[in-house]
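User: Please take one part of this structure and examine it closely for a reader who has not seen it before. A single connected account would be preferred to a list of separate remarks.

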Amino acid sequence: MKLVPLGDRVVIKALVAEETTKSGIVLPGQAKEKPSQAEVVAVGPGGEVTMQVKPGDKVIYSKYAGTEVKLDDEEYIVVKQNDILAVIED
């Protein structure tokens, strides 16, 4: 199966959060924050909105944005493009 977003929606997959802080402290499962970085999996056609992201982009999105979807044992988040705050460039 494949998710095909409609309108100005974007399908993203959250990147795995670090389990150890930079100072070496290991965080238990419940202490970790929900990650706000993700990789773009699919992009809708946009319609009246020009889409500014493309599949493969790494992005930062609003913490509580979107709808979580589980498909073929993978977890995705469907967000509106407005909920994407920035693209991470190397």
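Analyst: **The core and the strands around it**

Leaving aside neighbours within four places in sequence, Ala65 is in contact with Ile77, Val79 and Asp83. The model described here is a predicted one.

Ala65, Ile77 and Val79 are all named among the members of the largest nonpolar core. That core has twelve residues, and the remaining members are Val10, Ile12, Ala38, Val40, Met51, Val53, Val59, Tyr61 and Ile84. Four strands each give two or more residues to this core: S1 (9-14), S2 (37-43), S3 (58-61) and S5. Strand S5 covers residues 74-80. Each member of such a core is buried, which means that its relative accessible area is under 20%. A general tendency is in keeping with this picture: in soluble globular proteins, nonpolar side chains tend to be buried together.

How are the strands that supply the core paired with one another? S1 and S5 run antiparallel and are joined by four bridges. S1 also pairs with S2 in the antiparallel sense, here over five bridges. Val10 is a useful residue to follow, as it belongs to the core, has Val79 as its bridge partner in S5 and has Val43 as its bridge partner in S2. Val79, the partner in S5, is likewise a core residue, and it is one of the contacts of Ala65. Another S1 residue, Val11, has Val78 as its bridge partner in S5. As a general rule, the side chains of a regular strand alternate between the two faces of the sheet.

Salt bridges also connect these strands. The structure holds three of them. In one, Glu74 pairs with Lys13, and their closest N and O atoms are 2.2 Å apart. Because Glu74 lies in strand S5 and Lys13 in strand S1, the pair ties together parts that are 61 residues apart in sequence. The salt bridge therefore links two strands that are also joined by four bridges. Both residues are partly exposed: the relative accessible area is 30% for Glu74 and 31% for Lys13.

Another salt bridge is formed by Glu39 and Lys58, with 3.7 Å between the closest N and O atoms. Glu39 belongs to strand S2 and Lys58 to strand S3, so this pair ties together parts that are 19 residues apart in sequence. Here too both residues are partly exposed, Glu39 at 31% relative accessible area and Lys58 at 35%. In the salt bridge between Lys54 and Asp57, the side chains meet at 3.0 Å, N to O. Is each of these residues buried or exposed? Lys54 is exposed, with a relative accessible area of 51%, whereas Asp57 counts as buried at 11%. In general, side chains of opposite charge can pair when their charged atoms come close.

Strand S5 has a further partner. S4 and S5 pair in the antiparallel sense over five bridges, and within this pairing Lys70 of S4 has Glu75 as its bridge partner in S5. Together S4 and S5 form a hairpin with two residues between them. Asp72 lies in the loop between strand S4 (67-71) and strand S5 (74-80), and Asp73 lies in the loop between S4 and S5 as well. Which backbone feature do Asp72 and Asp73 show? Although Asp72 is not a glycine, it has a positive phi of about 55°; Asp73, also not a glycine, has a positive phi of about 65°. Most residues other than glycine have a negative phi. Asp72 counts as exposed at 52% relative accessibility, and Asp73 counts as exposed at 71%.

The account may close with the segment that precedes the strands. Gly7 lies in the segment before S1, and it is partly exposed, with a relative accessible area of 30%. Not counting residues up to four places away in sequence, Gly7 touches Gly44, Pro45, Gly46 and Met51. Met51 leads back to the core, of which it is a member. Gly7 and Met51 are 44 residues apart in sequence, and the distance between them in space is 9.6 Å, C-alpha to C-alpha.

How values were computed:
Residues are numbered from 1 along each chain as its sequence is written. This is a predicted model: local features need pLDDT of at least 70, side-chain atom pairs count only at pLDDT 80 or more; totals for chains, interfaces and linings use all residues. Side-chain values use heavy atoms; hydrogens and water are left out. Buried means under 20% relative accessible area, exposed over 50%, partly exposed in between (1.4 Å probe, protein chains only). A nonpolar core is a set of buried Ala, Val, Leu, Ile, Met, Phe, Trp, Tyr and Cys residues joined through side-chain atoms within 4.5 Å. Contact means heavy atoms within 4.5 Å. Two strands pair if DSSP finds at least two bridges between them. A salt bridge is a side-chain nitrogen of Lys or Arg within 4 Å of a carboxyl oxygen of Asp or Glu.
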